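Thanks for coming, everyone. Have a look at the screen, and I'll talk you through what I found.

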Amino acid sequence: MIVNAVTYVMRAGTEARAVEHFHVLETESRREAGCIGYVVHRSREDDRTFFLYELWADQAALDAHYELPHFIEHGVKGIRLLAESRVAFVGVPLFPQ
């Protein structure tokens, strides 16, 4: 299993557009083979801060995700262009079950 967790701070004034992109990303990503979970969170303290938590079956599933049209359109050409900052963490379980 692979975890992909990303924190974004969006540029002021882009929050509504970001929500639209995140909605498509979450909906479409959950339909992908190998996606175990995909949840977008919004900070309670700062409307500009979003956190994605994704679980993928393996690296091949995550790599396939990165090649799909919805990821390119709404992730690379959407969210990433609206972001003021992006901090990503990709990891594997320390104690696999």
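Let's start with a pair of residues facing each other: Tyr 38 stands opposite Glu 54, and Glu 54 belongs to strand 3. Please keep in mind that this is a predicted model. A second pair across to strand 3 is Val 40, which sits opposite Leu 52. The strands behind this, strand 2 and strand 3, run antiparallel to each other and share 7 bridges. If you trace the chain from strand 2 to strand 3, you pass through a hairpin of 6 residues.

Now, what else pairs with strand 3? Strand 1 does, again in the antiparallel sense, over 8 bridges. To find one of those spots on your screen, look for Ile 2, whose bridge partner in strand 3 is Trp 56. And how many residues of strand 3 are buried? The count is 6 out of 8, so you can call this strand mostly covered. As a general reminder, in a regular strand the side chains alternate between the two faces of the sheet.

Let's step back to the whole chain for a moment. It has 3 helices and 4 strands. Reading from the N terminus, the order is β-α-β-β-α-α-β. The radius of gyration is 13 Å, close to the 13 Å that the globule rule gives for 97 residues, so the chain is as compact as a globular protein of that length. Along the principal axes, the C-alpha atoms fill a box of roughly 40 × 30 × 20 Å. Of the 97 residues, 39% count as buried. The chain exposes about 6,000 Å², and carbon and sulfur atoms supply 57% of that area. Here is one for those who like contact maps: take the contacts between residues at least 6 apart in sequence, and 69% of them join residues at least 24 apart.

Next up is helix 2, which covers residues 59-67. Which of its residues are buried? Those are Ala 61, Leu 62 and His 65. Looking down the helix axis, the buried residues fall within an arc of 100°, so they line one face of helix 2. The general rule helps here: an α-helix has 3.6 residues a turn, so residues three or four places apart point the same way. On the other side of helix 2, Ala 60 and Glu 67 are exposed.

What do the buried residues of helix 2 pack against? The partners are strands 1, 2, 3 and 4, together with helix 1 and helix 3. At the start of helix 2 there is a nice detail to zoom in on: a side-chain oxygen of Asp 58 comes within 3.3 Å of the backbone nitrogen of Ala 60.

Let me stay with His 65 in helix 2. Buried or exposed? His 65 has a relative accessible area of 0%, and the cut-off for buried is under 20%, so His 65 counts as buried. Leaving aside neighbours within four places in sequence, His 65 contacts Ser 29, Glu 32, Tyr 38, Glu 54, Trp 56, His 70 and Phe 71. You'll recognise Tyr 38 and Glu 54 there, the pair I opened with. As for Glu 32, that residue is 33 places from His 65 in sequence, yet their C-alpha atoms are 7.5 Å apart in space.

Last stop: Val 24, over in helix 1. Val 24 is partly exposed, with a relative accessible area of 25%. Not counting residues up to four places away in sequence, Val 24 touches Ser 29 and His 74. Ser 29 was also on the contact list of His 65. How far is Val 24 from Pro 96, C-alpha to C-alpha? The two are separated by 30 Å, and they lie 72 residues apart along the chain.

That's my tour, and I'm happy to take questions.

Notes
Residues numbered from 1 in each chain as written. Predicted model: local features only at pLDDT ≥ 70, side-chain atom pairs only at ≥ 80, totals over all residues. Heavy atoms only, no water. Buried < 20%, exposed > 50% of the residue type's maximum accessible area, 1.4 Å probe, protein only. Helix = DSSP H or I, 4+ residues; strand = E, 2+ residues; numbered from the N terminus. Arc of directions from axis to C-beta. Contact = heavy atoms within 4.5 Å. Polar contact = N/O pair within 3.5 Å; in protein donor to acceptor, adjacent residues only side chain to side chain. Pairing = 2+ DSSP bridges. Rg over C-alpha atoms; globule rule 2.2 N^0.38 Å. Areas by Shrake-Rupley, 256 points an atom, 1.4 Å probe, with all protein chains shown as cover.
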